[in-house]
Amino acid sequence: MSKQDGSGRQVTAAPTGDLTARILHLDMDAFFASVELLDRPELRGRPVIVGHRGARSVVTAATYEARRYGVNSAMPMAVALRRCPQAVVLEPHYERYQAASREVMRILSDVTPLVEPLSIDEAFLDVSGATALFGPPYAIGTALRARILDETGLVASVGAAATKFVAKLASSRAKPDGLLVVPEVETLAFLHPQPITALWGVGAASALRLERLGLRTIGDVADAPLDALTRALGPAAAGHLHALAHGRDARAVTPERAEKTIGHEVTFERDIADARVIDRELLRLAERVAERLRAGGWVARTLAVKLRFGDFETITRAQTLAEPTDVAQRIATEARGLYAASPVVGRGLRLIGVRASALLPTGTVARGLWDDDEPWREAEGAIDALTERFGRGAVQRASLLRGAPPRRGSVPDAGD
């Protein structure tokens, strides 16, 4: 979710037959909050924050009404409520967001097979081969937004351009509930007035370096000598930003793109040093990661744990497995080993996370002659089936039913 509040919104007001803006970026508006409001329609138009209440909780999502008070995702909940004390706080329901995402992606795939999901709530589409059937990109974007609203009750914004970078930037400028088409010939006119922070890959540190050169807009970056950018940012970053500032982005929409990582983490309301509690939390997080791996048809070659201490020092430890896995018990075992090998003695943990990466499609990995995880794989497959039928929590491991510490969970950030 971005920090935009809808001010400065820019849309294409009249239909256009332009065919050069063949790449669409579709982004759901305030996705988590919008899904929650499906069950709470009486809260529409009011500032709503999605997240857990608690001393160490952070904002998961916020409606545009809340953002206008300066409430943003990843902000401490206490700060958000000081800025907007009248906001309604709703608990997150991640399984609902995943179900809604699947519906949206299904709708997109009805238009073109060239759909590249970026996250749970956004995707690129290449509609080059769809215009003969569905009309120009403006018509396709309009129809997609209408169908998503009709079938899911959710609102999407769309940017259409000749490149992925410009299409993504256009969708952010169209929010909320808008469509912006940037024909290829108008690319530079659209890009150059934008602030340097709109460039893909410019964070706070690189923005500061560019500002020290007197660069404030994308147009300034385009006009700057490449060697000056190189001295400030290094050759790779300088070349990347220089190309984007000139509207050059050769990346294609790749529908086979795998989710790079799958992870879950939890923030405790008070620092935890009890090894038994941490052991249970690692298993709990491993289960969530494994569920998502199996649901997506992936196995992971690399596992990592993230540890944040009470003084906010954060360390990460990772390990590549001999055989890729989607089994929670295996993930938990490896995560416990990484935790045990970390310098944590006598230190309380504020946050702990488990992440899987180096993902491979399940069907491409052959099992060994002896598979030590097979009993667990069968048991977890049965749990998946029961969960799909009866919902999360219908079946749980006995070891996870014991008292858990006060905690505030989180998932990878959703978009806007």
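In what order do the three strands of the open sheet lie, and is their pairing mixed or not? In this predicted model, the order is β3-β2-β4, and the pairing is mixed. Two nonpolar cores are also described below; the largest has 35 residues, and another, lying apart from it, has 33.

**The open sheet**

- The edges of the sheet are formed by β3, residues 59-62, and β4, residues 88-90, each of which pairs on one side only.
- From one strand to the next, the twist averages 30°.
- Strand β2, which spans residues 48-51, runs antiparallel to β3 and is joined to it by three bridges.
- Within this pairing, Val 59 of β3 is the residue that stands opposite Gly 51.

**The largest nonpolar core**

- Leu 26, Leu 108 and Leu 144 have the most contacts inside the core of 35 residues.
- Two or more residues each are contributed by the strands β1 (23-28), β6 (122-126), β7 (156-161) and β8 (179-181), and by the helices α1 (31-39), α4 (94-109) and α6 (137-152).
- Helix α4 supplies the largest share of this core, with seven residues.

**Surroundings of Leu 26**

- When neighbours within four places in sequence are left aside, the residues in contact with Leu 26 include Val 104, Leu 108, Leu 144 and Ile 148.
- Further contacts of Leu 26 are made with Asp 121, Glu 122, Ala 123 and Leu 125, as well as with Ala 156, Ser 157 and Val 158.

**A separate core**

- Apart from the largest core lies another of 33 residues, including Ile 315, Ala 328, Val 344 and Ile 352.

How values were computed
Residues are numbered from 1 along each chain as its sequence is written. This is a predicted model: local features need pLDDT of at least 70, side-chain atom pairs count only at pLDDT 80 or more; totals for chains, interfaces and linings use all residues. Side-chain values use heavy atoms; hydrogens and water are left out. Two strands pair if DSSP finds at least two bridges between them. Helices (H or I, at least four residues) and strands (E, at least two) are DSSP runs, numbered from the N terminus. Axes are lines fitted to C-alpha atoms, for helices over the stretch in contact, and angles run from 0 to 180 degrees between N-to-C directions. A nonpolar core is a set of buried Ala, Val, Leu, Ile, Met, Phe, Trp, Tyr and Cys residues joined through side-chain atoms within 4.5 Å. Buried means under 20% relative accessible area, exposed over 50%, partly exposed in between (1.4 Å probe, protein chains only). Contact means heavy atoms within 4.5 Å.
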